Amino acid sequence: MVTKAINKNEASQSLQIIQRGIAVGFPIMVGYLPIAITYGVLAKQAGMSLLELTMMSVLVFAGASQFMGANMIAVGAGAVEIIVATFVLNFRHFVMSLSFMNRLRGIGLNWKVPLSLGLTDETFAVSSLHTKEAKMEKGTLFYTALIMTAYFSWVFGSFLGGVLGEIIPENLSQSMGIALYAMFIGLLIPSVKKEIKIGLIAIIAMLINALCSMFMSDGWAIVFGTVLGGLSGIYLLKEDHS
Amino acid sequence: MIFAIIIGMSLVTMIPRLVPAYIVDKIKFPDWANRWLNAIPYAALGALIFPGIMTVKADQPHVGLIGGFVAIILAYLGLNVILVVLGAIVTVFLFAL
């Protein structure tokens, strides 16, 4: 009787954490769906089959590089070129993963590995602003639910885009292009309101990115903006012991 | 052929995501490195927002900037992220008409 009650309690606690993860991941879903649909439409036009374009979302799960990949396939670029360009564009995830995994220290590799694979700009940004859960007993469930919400909406949206083809009016899908930027802004501003120095770190990163993108690829410019902009945190976050 | 490209893209995307999971327990970062890693999310957000936001409407960089400005105001007012996103989409849609 007693153990049964405890089990039940534990199960409902897990369920609650999973629900919270889905709720926190919901804005990513809103941001991903239109972009994934646009990707599906573009990839179809680039000559990829529905299976190919959906599998790319399943296996790669990185928006910008998939757009680029579909584009390069359309213009007949070689496999090596496409793969190297993808590496350059996605190398920023190494830095993000290092930051995320540093918070998840002490959690077993059996959780760290799948969580690291689900890391995108968006899942990283949202997870990093929910740091309490990393220390909670069932925190891994929270991050898993968040990432799965994002992952399924990305895969489903891509498939839907491939099916829908050109039904979606262009000025609507173009307007949706602001969605992820608005989400990044919506994530950043509350932290800036709490600590103005955080805004300074972000602005420094923006300027470094803008400067670098004049003479290197977008992928590397974001890497430099993130790494060098983050260095300013060594001084700016000094008194903050959070 | 396309599947070979997809597998290749998958591998070069997975490896940089995966490597930190294996190395992070093997090294103890000094205090300054932890502060650096804690600042990474904010720096990444900054770098992801700008200058990319100006490409929302390729030939008209001001459209993305106006959408971003609306997002800043809505977020500053304390609205939920979803409402911030929807507000920005509506703004850009009205400008694109």
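1. Salt bridges come to 4 over all chains of the structure; the term means a side-chain nitrogen of Lys or Arg within 4 Å of a carboxyl oxygen of Asp or Glu. One of them pairs Arg20(A) with Glu133(A), with 2.2 Å between the closest N and O atoms. Arg20(A) sits in helix H1 (residues 2-45) of chain A and Glu133(A) in helix H8 (residues 132-135) of chain A, so this pair ties together parts that are 113 residues apart in sequence. Helices here are DSSP runs (H or I, at least four residues), numbered from the N terminus, and strands would be E runs of at least two.

2. Before you go further, some ground rules. This is a predicted model, where local features need pLDDT of at least 70 and side-chain atom pairs count only at pLDDT 80 or more, while totals for chains, interfaces and linings use all residues. Residues are numbered from 1 along each chain as its sequence is written, chains are lettered from A and ligands numbered from 1 in the order in which they are written, and side-chain values use heavy atoms, with hydrogens and water left out.

3. On confidence, chain B has a mean pLDDT of 92, and 100% of its residues reach 70 or more; pLDDT is the predictor's confidence in each residue, from 0 to 100. Among the elements of chain B, H1(B) has the highest mean, 96, and H4(B) the lowest, 89.

4. Now look at where the two chains meet. Chain A puts 88 residues into the contact and chain B puts in 67, contact meaning heavy atoms within 4.5 Å. Together the chains bury about 6900 Å², 77% of it on carbon and sulfur atoms. That buried area is the accessible area (1.4 Å probe) that two parts lose on being put together, summed over both. On the chain B side, Met9(B), Arg17(B) and Tyr42(B) lose the most area to chain A, together 12% of what that side buries.

5. What about polar links between the chains? The rule finds 1 salt bridge across this interface: Lys112(A) pairs with Asp25(B), the closest N and O atoms being 2.5 Å apart. There are also 20 residue pairs in polar contact between chain B and chain A (both at pLDDT 80 or more). A polar contact is a pair of N or O atoms within 3.5 Å; within protein, one must be able to donate a hydrogen and the other to accept it, and residues adjacent in sequence count only if both atoms are side-chain atoms.

6. Which helices of chain B each supply at least two residues of the side that touches chain A? They are H1 (2-23), H2 (31-49), H3 (61-76) and H4 (81-96) of chain B. H1(B) gives the most, with 20 residues. By class, this side of chain B has 50 nonpolar, 12 polar and 5 charged residues. Ala, Val, Leu, Ile, Met, Phe, Trp, Tyr, Cys and Pro count as nonpolar, Asp, Glu, Lys and Arg as charged, and the others, Gly among them, as polar.

7. Chain A is assigned domain 1 (2-178) and domain 2 (195-242), with bounds from an automatic or database domain assignment. Their C-alpha centres lie 23 Å apart, and the contact takes 5 residues from domain 1 and 7 from domain 2 of chain A. About 560 Å² is buried between these domains, and carbon and sulfur atoms give 86% of it. Val88(A), Arg92(A) and Val95(A) supply 66% of the area that domain 1 of chain A buries against domain 2, more than any other three residues. The rule finds 0 salt bridges across this interface.

8. Chain B is also split by its domain assignment, into domain 1 (1-49) and domain 2 (51-97). The C-alpha centres of these two domains of chain B lie 28 Å apart.

9. Two backbone details to check by eye. Most residues other than glycine have a negative phi, and most peptide bonds are trans. Phe50(B) and Pro51(B) are joined by a cis peptide bond, with omega about 5°, and Pro51(B) lies in the loop between H2 and H3 of chain B. Phe61(A), not a glycine, has a positive phi of about 50°; Phe61(A) is in the loop between helix H2 (50-59) and helix H3 (63-74) of chain A.
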